[in-house]
Amino acid sequence: MYESLIGPERLRPLNLAVDNGKLGISWKPDANIYHMTLGRHLGPESRDRLAMIYEDPDGSVETQTFAQVDAAARGLAANLGSLGYKRGDLVGIHTGQHPDTAVAHMAVCLLGGTAVTLSQLYGPESLAHAIRDCKLRVLLTSADAWSGLREEADALFPELEHVLLRAPSKGEFDLAEAFANNSTGFEPDFSGADDPALLMYTSGSTGMPKGILHGHRVLAAYTPSINLFFNLSMDDEDAVFWSPSDWAWVGGLLDMLYPAWLAGRPIATSLDRFNAEWAYGFISRHKVTHAFLAPTAIKRLATTADPRSQYELAIRVICTGGEALAAETLAWAEDRLGVVCNEFYGMTEVNHLIGNCAALFPRRPGSMGRAYPGHDVRLVDGSGGKVAEGETGEIVTTSNSPTRFLGYLNNPEKEHEMRLGPYLRTNDLAVRDADGYFWYKGRADDLIKSSGFRIGPTEIEECLIGHRDVAEAAVVGKPDPERGAIVKAFVKPSPGVLPSEKLAQILIDHVRQRLAAYKAPREVEFVEQFEMTSSAKINRRSLREAEMAKAARDLGR
């Protein structure tokens with residue numbers, strides 16, 4: 001289908017090839033993220049093109065060209081090399097959506113290392129888990145993010161040897177000086193397509209967040225679908241890219257920052273917190289044309305009935321994912337905001353499986369789209385058998401999927417859990433219609449998808465149980481029309497402790513401060529006892545199903 005729609009002459013830039021009548025995704029063995037992004041725009045015709053637009057919270061604006069980004073990246077790579085870091089080493093990047101993050105990723109590529117993407121949304125316990133899990137020795141961070149951790153650093157991060165940040169304190173290194181380092185004599189050590197490039201921590205339905213390794217090939221494998229959900233318009237001369245999604249995760253990094261530089265276009269960024277009024281002003285000031293927004297963010301923009309009459313907007317393409325996009329939200333985006341809005345679906349481990357491209361085929365409101373080229377996507381029952389058209393099944397793909405991760409860090413049993421015969425499981429349920437469109441039906445496990453975040457219940461439960469007033473706890477996702485789902489905690493208080501609204505708020509703040517604000521429960525319900533499974537575990541499934549039934553009843557009123 002895609003070959004006839006796109007045309008053979010457009011296959012090469014999309015990394016697509018035809019083999020035995022089927023479209024496949026191709027890349028060279030030496031594919032490297034640096035070469036696919038920054039490195040391809042350093043010739044005389046493009047090196048001085050705008051690469052980065054940064055709006056400081058005080059309103060001032062700084063810009064960098066591709067040549068300037070490269071100089072800073074080489075300086076940092078040389079500096080890291082002088083500290084003893086080399087090919088294969090892990091480098092933690094904890095600098096938020098500041099230009100330092102983008103430059104640091106290029107520096108790690110030049111060094112031949114692996115970037116560990118660490119969100120500034122993490123509380124100290126979440127950050128400590130990731131750093132300890134991968135035995136991280138060097139961290140790039142910011143003064144704001146590090147100031148609250150500095151006194152506890154030795155206890156929290158015992159294996160951390162070097163910390164680089166702007167405005168360093170005693171024992172730390174100056175990140176600004178590292179960028180300005182004279183890199184004369186530095187020789188890049190580029191790794192290949194199947195070598196680790198990224199280590200990303202993401203929540204699952206069980207246990208603490210797992211480290212997911214991706215090779216450099218991931219960007220090559222993403223290229224066809226990136227072009228499709230950006231509606232085959234990435235090469236527009238006036239294109240400016242932006243997303244409020246965190247650059248520590250797939251949505252902000254692989255679906256926005258890297259695609260912008262893949263196309264040789266500028267990325268606009270800011271450290272300001274997202275709200276509709278600010279977002280409209282930002283995309284107007286910087287003439288943003290292409291955006292990645294989670295459905296929750298689009299819903300917040302939709303509170304402005306007629307934005308084109310209030311703001312001078314250049315935006316024309318929004319891609320979205322992370323949760324289901326409501327038909328009403330799509331209609332508003334098209335009719336009132338006046339953009340093409342292409343939804344796509346996948347997971348950090350294996351992404352871009354299903355999606356839309358309005359330039360090639362009609363979108364159906366409420367649908368996830370069709371299987372993207374190069375991906376074999378199926379719906380199966382619990383034993384791996386194919387389900388009939390129109391029946392609900394779990395979304396799976398083949399174990400050799402092109403966007404497949406390299407594996408979990410030091411966790412082969414977790415990867416085994418993801419397999420179902422020859423398939424990789426998603427634990428997401430859907431229906432496929434006669435025309436090949438998929439329709440999302442929910443989760444088959446306990447993972448919570450809220451406002452584009454993947455949230456695992458186990459770490460929240462462990463955090464709650466760590467509070468002296470909690471005897472037992474269970475966490476589930478409660479359906480929510482705004483966020484897709486919210487985190488709801490069921491708590492059995494410790495003996496002698498009485499349930500109260502004050503206690504509920506104390507527990508919410510306890511999780512917010514130790515893990516992350518987005519992981520904090522939005523509701524706490526106190527219980528006297530929990531229903532247990534035959535293996536003597538709290539029955540989360542019955543709690544989740546009860547919340548789904550309540551939501552269905554409320555919807556029917």
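Analyst: One definition up front: angles under 35 degrees count as roughly parallel, over 145 as roughly antiparallel, 65 to 115 as roughly perpendicular and the rest as oblique. This is a predicted model, where local features need pLDDT of at least 70, side-chain atom pairs count only at pLDDT 80 or more, and totals for chains, interfaces and linings use all residues. Residues are numbered from 1 along each chain as its sequence is written, and side-chain values use heavy atoms, leaving out hydrogens and water.

User: Which strands stand at the edges of the open sheet, each with a single partner strand?

Analyst: Strands here are DSSP runs of E, at least two residues long, and helices are runs of H or I, at least four, numbered from the N terminus. The open sheet has 9 strands with mixed pairing (at least two DSSP bridges per pair), and the order runs 4-3-13-12-14-15-16-17-18. One side of each edge strand has no neighbour in the sheet, because each has a single partner: these are strand 4 (61-65) and strand 18 (370-371).

User: What angle does the direction of helix 3 make with that of strand 4?

Analyst: Helix 3 spans residues 66-82 and packs on the sheet. It touches (heavy atoms within 4.5 Å) strand 3 (50-55) as well as strand 4. Its direction and that of strand 4 make an angle of about 85°.

User: Which residue in strand 15 is the bridge partner of Ala291?

Analyst: Strand 14 (residues 290-292) pairs with strand 15 (residues 317-320) in the parallel sense, over 3 bridges. In strand 15, Ala291 has as its bridge partner Ile318.

User: How are helix 9 and helix 10 oriented to each other?

Analyst: Helix 9 (residues 217-229) packs with helix 10 (residues 250-262), their axes 10 Å apart. Among the residues that meet are Tyr222 and Phe229 in helix 9, and Leu254 and Tyr258 in helix 10. The angle is about 85°, so the two helices are roughly perpendicular.

User: And how are helix 16 and helix 17 oriented to each other?

Analyst: Helix 16 (residues 457-465) and helix 17 (residues 501-514) also have their axes 10 Å apart. These axes are lines fitted to C-alpha atoms over the stretch in contact, with angles from 0 to 180 degrees between N-to-C directions. The angle is about 120°, so the pair is oblique.

User: Is Arg273 buried or exposed?

Analyst: Arg273 sits in the loop between strand 13 (267-270) and helix 11 (276-285). Its C-alpha atom is 8.1 Å from that of Pro244, 29 residues apart along the chain. With a relative accessible area of 76% (buried is under 20%, exposed over 50%, partly exposed in between, with a 1.4 Å probe and protein chains only), Arg273 is exposed.
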